[in-house]
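Morning, everyone. Please have the sequence and the structure up on your screens. I'll keep this short.

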Amino acid sequence: MFSARWQIDAKFGHKQTVLELLKKWEREIGSQVGLADLQFQIMTGSIGAREATVESHHQVESLAQLEAFFAKIGKIDAHAKWGKEMEPYVVSGTSLWNIYRIVE
């Protein structure tokens, strides 16, 4: 099992907008690709992390399941549109994926 973590930093004063757009993605796009099966969570920096950091966590059984997820979202036009809607509120160059193996 793996935890796939996507991280971005919101521009100063825009974290709430980033969170709202991420929730919109969850409802409108993630729901089309089986996001409910991935134990999706949204987190923000609090203690020992940048307050502007926003992370989404996706729990997957295998890397193949993650690859299938990426392939599905890549075919949805609304996903590309959503990315352009999100762009003005995110610090450029901060988008990062980390994949962790779940041990216990």
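I'll go through the sheet, then a loop, then the aromatic rings and a surface patch.

One caution before we start: this is a predicted model.

Start with the sheet. It is open and has 4 strands. What is the strand order? It reads 2-3-1-4, and the pairing is antiparallel. The edges are strand 2, at 41–44, and strand 4, at 96–101. Each of these two pairs on one side only. On average, neighbouring strands in this sheet are turned by 25 degrees against each other, ignoring direction.

Now look at strand 2 and its partner. Strand 3 covers residues 53–60, and 4 bridges join it to strand 2. The two run antiparallel. Take I42 as a marker: its bridge partner in strand 3 is S56.

Next, step back to the loop between helix 1, residues 15–28, and strand 2; D37 sits there. Is D37 buried or exposed? Its relative accessibility is 61%, so D37 counts as exposed. Go 10 residues along the chain, from D37 to I47, and the C-alpha atoms are 29 Å apart.

On to the rings. A pair of aromatic rings is described by two things: the distance of the centres and the angle of the planes. This structure holds 6 aromatic pairs. I'll show two.

First pair: W25 and F40. The ring centres are 6.0 Å apart and the planes stand at 40 degrees, so this pair is tilted. W25 is in helix 1, while F40 is in the loop between helix 1 and strand 2, so the contact ties together parts 15 residues apart in sequence. Both residues count as buried: W25 has 5% relative accessibility, and F40 has 14%.

Second pair: F70 and W97. Here the centres are 5.0 Å apart with the planes at 80 degrees, so the pair is edge-to-face. F70 belongs to helix 2, residues 63–74, and W97 to strand 4. That links distant parts of the chain, 27 residues apart. What about exposure? F70 is partly exposed at 28% relative accessibility. W97 is partly exposed too, at 34%.

Zoom out, and ring pairs link W6, W25, F40, F69, F70, W82 and W97 into a cluster.

Last stop, the surface. Which residues make the nonpolar patch of about 260 Å²? They are L63, W97 and I99. I99 lies in strand 4, and its relative accessible area is 39%, so I99 is partly exposed. So W97 shows up twice: in the ring cluster and in the nonpolar patch.

That's my tour. Over to you.

Definitions and conventions
Residues are numbered from 1 along each chain as its sequence is written. This is a predicted model: local features need pLDDT of at least 70, side-chain atom pairs count only at pLDDT 80 or more; totals for chains, interfaces and linings use all residues. Side-chain values use heavy atoms; hydrogens and water are left out. Two strands pair if DSSP finds at least two bridges between them. Axes are lines fitted to C-alpha atoms, for helices over the stretch in contact, and angles run from 0 to 180 degrees between N-to-C directions. Buried means under 20% relative accessible area, exposed over 50%, partly exposed in between (1.4 Å probe, protein chains only). Patches are made of residues with over 30% relative accessible area and no salt bridge: like charges are joined within 9 Å, nonpolar side chains (Val, Leu, Ile, Met, Phe, Trp, Tyr) within 5 Å. Accessible areas come from the Shrake-Rupley method with a 1.4 Å probe; for residues, only the protein chains shown count as cover. A salt bridge is a side-chain nitrogen of Lys or Arg within 4 Å of a carboxyl oxygen of Asp or Glu. Rings of Phe, Tyr and Trp (its six-membered ring) pair if their centres lie within 6.5 Å; planes under 30 degrees apart count as stacked, over 60 as edge-to-face and the rest as tilted.
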